[in-house]
Amino acid sequence: VITALSTTAEDHDDADQDHFSESRDAATMLRDLGELVGHDTAPRLVRTTLDDAEAALAAMINPDLTLGAKADIIHKAVGSTGMIGLEELTETLSEAETLARAGIDPGTTALAVAARALLQEAHAEFAPVLSQGYAASQPV
């Protein structure tokens with residue numbers, strides 16, 4: 001049984017107004033992020049964020065971690081994925097953190113499967129941009 005967290009239409013409207021949106025491609029997201037944090041920092045931030053999300057997923061499914069430890073690891077990824085605009089992944093991880101803090105193991109829910117799929121999608125979208133070098137995505 002999965003506990004769903006309710007969201008309102010206003011929540012979705014707010015998400016649509018965010019500076020970054022998953023509807024934009026990875027190159028645009030990286031360029032926009034570069035304008036905020038610097039073009040040298042942006043690719044490192046994306047790589048670190050993807051690593052944070054990988055750690056969160058690993059924590060979610062690790063039966064040896066306490067729920068508090070899982071929540072703390074997932075929390076770090078919630079912040080970083082939100083910063084670079086991975087809204088769906090951020091929301092999924094946030095729900096997993098909330099469950100862990102409520103005493104429910106997120107690794108036993110569909111959230112782990114959803115997080116894995118969203119993380120794979122993020123890797124697939126950012127890999128070509130990051131591998132070709134960031135210079136191509138900087139403004140001229």
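1. A good place to start is helix α5, where Glu97 and Arg101 sit four residues apart, about one turn of the helix. Their side chains meet in a salt bridge, with N and O 3.1 Å apart. Please keep in mind while reading that this is a predicted model.

2. Arg101 has a second partner too. Asp72 forms a salt bridge with Arg101, and the closest N and O atoms are 3.2 Å apart. This pair links distant parts of the chain, since Asp72 belongs to helix α4 and Arg101 to helix α5, with their positions 29 residues apart in the numbering. Taken together, Asp72, Glu97 and Arg101 are linked in a network of salt bridges.

3. How buried or exposed are the members of this network? Glu97 counts as buried because its relative accessibility is 11%, and buried means under 20%. Asp72, with a relative accessible area of 47%, is partly exposed. Arg101 is also partly exposed, with a value of 48%. Both of these values fall short of the exposed class, because that class begins over 50%.

4. Another salt bridge to look up on the model is the one between the side chains of Lys70 and Asp105, at 2.8 Å from N to O. Here again the pair links distant parts of the chain: Lys70 is in helix α4 (residues 67-84), while Asp105 is in the loop between α5 and α6 (110-131), 35 residues apart. The two ends of this bridge have their own burial classes. Lys70 is buried, with a relative accessible area of 1%, whereas Asp105 is partly exposed at 24%. The count for the model comes to four salt bridges.

5. Back to helix α5 as a whole, which covers residues 87-101. How far apart should its ends be? At 1.5 Å a residue, its 15 residues should span 21 Å, and the end C-alpha atoms are indeed 21 Å apart, so the expected and computed values agree. The expected figure uses one less than the number of residues, because that is how the span is defined.

6. Which residues of α5 are buried? They are Glu87, Leu89, Thr90, Thr92, Leu93, Ala96, Glu97, Leu99 and Ala100. Glu97, a member of the salt-bridge network, is therefore one of the buried residues of this helix, at 11% relative accessibility. Just beyond the helix, have a look at the backbone: α5 is followed by Gly103, which has a positive phi, near 90°.

7. Helix α3 (residues 41-61) offers another acidic residue to inspect, Asp52. Is Asp52 buried or exposed? With 11% relative accessibility, Asp52 counts as buried. Leaving aside residues up to four places away in sequence, Asp52 touches Lys76, Ala77 and Ser80. Helix α4 spans residues 67-84.

8. Finally, the chain as a whole. Its secondary structure comes to six helices and zero strands, and along the sequence the pattern reads α-α-α-α-α-α. Of its 140 residues, 38% are buried. Among contacts with a separation of 6 or more, 68% are between residues 24 or more positions apart. The accessible surface comes to about 7,500 Å², and carbon and sulfur atoms account for 54% of that surface. For a first look, the bridges Asp72–Arg101 and Lys70–Asp105 are pleasant places to begin, since each pair links distant parts of the chain.

Technical notes
Residues numbered from 1 in each chain as written. Predicted model: local features only at pLDDT ≥ 70, side-chain atom pairs only at ≥ 80, totals over all residues. Heavy atoms only, no water. Helix = DSSP H or I, 4+ residues; strand = E, 2+ residues; numbered from the N terminus. Buried < 20%, exposed > 50% of the residue type's maximum accessible area, 1.4 Å probe, protein only. Contact = heavy atoms within 4.5 Å. Areas by Shrake-Rupley, 256 points an atom, 1.4 Å probe, with all protein chains shown as cover.
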